[in-house]
Amino acid sequence: MKLGFKKALAGLALAGSMLGGGFANAADSAIDNILSTGELKVCFEAGYIPFEMKTKDGRFIGFDIDISKHMARSMGVKFVPVNTAWDGIIPALQTGKCDIINGGMGITPERNLKVLFADTYLEMGQTVLVTPEVASKIKDYRDLNDPKFRLVSQIGTTGAIAAKKYFPNAQLDLFETSADSVLQVKNGKADAFVYDLPYNAMYAAQNKEGVVHLDEAFTYEPLGWAIRQNDVNFLNFLNNYLVQIKKDGTYDRIYDKWFNSDAWVDSIQ
């Protein structure tokens, strides 16, 4: 069964190469390369709860990690993690350091000019974590749009984009990682942290004394797998793979493991 599927993928790549031009290059850089090397190289940035995290013993775990491992097995190849700083993750994909970004990446027009997104695999939005003191003074997230508040987020994320758009009057500082950003709020050095709802919900559950979650999402954010431009063969595979795992129960099983359970929390750094 595995060999048959690999042959089918190889045939798909060969058919794409016959189309010529950019499609041939795309086939060579994705499906052909994955099958010839026997590796699916996946870019992500560890530290994004519960999508991709690092355990105390150095393993990568999370929702996106499990999906990537299953995807690799479905292709009959090995999953190779490529942990990459977020502000360099698209260049890493473009230069061939990985075959796909599966790291909770929001689909935006700006990013779509640089990469090709597969169909949305999860929908979410931005929310805010605030200090208990700030929570006692405001009614909702809108009140944070004030010069007296210092907001934080992570460089290059949709959280940073949302903070600039929705809170133009507030002070805004950006940090290299989500962990560094949210610590500013937990330690009382910033008033609010703007970031993705799943991350904020999980962080708030683990730090009930230090932060308060304003859990009303004020943006709509679809997440998608990103690949290099013009690779219609790989895109076709990914969209059909997504339909398959959503219909056969695989997606729901993995989702429940990471979003509806906290059994994994004690294992992460």
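**Largest pocket**

I sorted the lining of the largest pocket by residue type: 14 residues are nonpolar, 13 polar and seven charged. I am working from a predicted model. I then looked up the volume of this largest pocket, which comes to about 580 Å³. Its lining holds 34 residues, and I noted those closest to the centre: Gly47, Tyr48, Ile49, Ala179 and Tyr199. Next I asked which elements give two or more residues to this lining. They are β2 (53-54), α9 (178-186), β11 and α10 (197-206). I checked which of them gives the most, and α9 does, with five residues.

**Second largest pocket**

I moved on to the second largest pocket and found a volume of about 280 Å³. I counted 18 lining residues there. Nearest the centre lie Ile90, Glu110, Arg111, Lys114 and Gly156. The elements that give two or more residues to the lining are α5 (89-94), α6 and α8. By type, I have nine nonpolar, four polar and five charged residues in the lining of this second largest pocket.

**Helix α8**

I followed α8 from that lining to its buried residues. Which residues of α8 are buried? In this helix, residues 158-166, I found Thr158, Gly159, Ala160, Ala162 and Ala163 buried. I then looked up what covers them. The cover includes α6 (109-112). It also includes the strands β8 (126-130), β9 (150-154), β10 (171-175), β11 (192-196) and β13 (221-223). Two of these names had come up before. I had met β11 at the lining of the largest pocket, and α6 at the lining of the second largest.

Methods
Residues numbered from 1 in each chain as written. Predicted model: local features only at pLDDT ≥ 70, side-chain atom pairs only at ≥ 80, totals over all residues. Heavy atoms only, no water. Buried < 20%, exposed > 50% of the residue type's maximum accessible area, 1.4 Å probe, protein only. Helix = DSSP H or I, 4+ residues; strand = E, 2+ residues; numbered from the N terminus. Contact = heavy atoms within 4.5 Å. 1 Å grid on protein atoms, 1.4 Å probe; cavity = no way out; pocket = protein on both sides within 12 Å on 5 of 7 lines; lining within 4 Å. Points joined across faces, edges and corners; volume = space filled by probe spheres on them. Nonpolar A, V, L, I, M, F, W, Y, C, P; charged D, E, K, R; others polar.
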